[in-house]
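This briefing sets out the main architectural features of the chain shown below. The points are grouped by topic for reading alongside the coordinates.

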Amino acid sequence: MKPNIVVSSLDMDRLEALLDALPAAQAQAQQALLQELSRADVVEPEGMPPHVATMNSRVRFVLDKDPVEHDMVLSYPRDMAGAADRLSILTPVGSALLGLETGKSIAWTRPDGAAFTVKLLEVVYQPERAGELHR
């Protein structure tokens with residue numbers, strides 16, 4: 001069973017527009033994110049809980065039982081160019097992290113069918129928590 005997730009109405013609108021514009025070659029990423037969004041509780045940006053991974057949040061997370069912590073910004077594809085610390089929402093890990101609360105884990109499947117688990121350790125920075133409600 002997957003944990004509950006929370007997505008802001010602003011992120012939901014932008015992600016739906018992104019998904020509508022994706023080429024057929026990205027159908028698998030599109031389906032995975034659509035499924036995740038379909039089970040989200042949608043809140044206004046000012047009502048976003050402070051420890052939830054939203055778009056443009058800097059998050060620390062681990063994959064499976066790997067002790068290596070990752071520190072990345074959950075990003076739209078247009079913001080990825082030249083930034084090694086950015087994680088696209090269209091990647092399996094990006095889609096899995098969206099809406100997840102600190103301390104929660106979620107099992108996910110990669111495009112090749114292999115399963116993995118991602119655990120959100122910390123939301124280092126969240127735009128909504130910082131008062132950037134319409135970034």
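In this predicted model, the largest nonpolar core has 32 residues, of which Leu 15, Ile 89, Leu 97 and Leu 98 touch the most other members. At least two residues of this core come from each of helices H1 (9-21), H2 (27-38) and H3 (92-97), and from each of strands E3 (58-63), E4 (70-75), E6 (105-109) and E7 (115-125). In soluble globular proteins, nonpolar side chains tend to be buried together.

**Core and helix H1**

- Beyond its neighbours within four places in sequence, Leu 15 contacts Leu 33, Leu 37, Met 55, Tyr 76, Ile 89 and Leu 98.
- Leu 15 is also one of the buried residues of H1, together with Ser 9, Leu 10, Asp 11, Met 12, Leu 18 and Leu 19.
- The buried residues of H1 pack against strand E1 (6-8), H2 and strand E2 (41-43).
- The length of H1 fits a helical rise of 1.5 Å a residue, because its 13 residues should span 18 Å and its end C-alpha atoms are 19 Å apart.

**The five-stranded sheet**

- Five strands form an open sheet in the order E5-E4-E3-E7-E6, and their pairing is mixed.
- Strands E5 (86-88) and E6 occupy the edges; each has a single partner strand, so one side of each lacks a neighbour in the sheet.
- On average, neighbouring strands of this sheet are turned by 45° against each other, direction ignored.

**Strand pairing**

- The pairing of E4 with E5 is parallel and comprises three bridges; within it, Val 73 has Arg 86 of E5 as its bridge partner.
- E3 and E4 are antiparallel, with four bridges between them.
- Six bridges connect E3 with E7, and these two strands are likewise antiparallel.
- Arg 60 has a bridge partner in each of two strands: Asp 71 in E4 and Glu 122 in E7.
- The hairpin of E3 and E4 has six residues between its strands, and Asp 64 in this hairpin adopts a positive phi near 50°.

**Annotated domain**

- An unreviewed UniProt entry places the feature "domain: Transcription elongation factor GreA/GreB C-terminal" at residues 51-124.
- Across residues 51-124, helix accounts for 8% and strand for 41%, and the end C-alpha atoms of the span lie 9 Å apart.

Definitions and conventions. Residues numbered from 1 in each chain as written. Predicted model: local features only at pLDDT ≥ 70, side-chain atom pairs only at ≥ 80, totals over all residues. Heavy atoms only, no water. UniProt positions renumbered as here; feature names shortened; annotations may be inferred. Core = buried A, V, L, I, M, F, W, Y, C linked by side-chain atoms within 4.5 Å. Buried < 20%, exposed > 50% of the residue type's maximum accessible area, 1.4 Å probe, protein only. Contact = heavy atoms within 4.5 Å. Pairing = 2+ DSSP bridges. Axes fitted to C-alpha atoms, helices over the stretch in contact; angles between N-to-C directions. Expected span 1.5 Å × (residues − 1).
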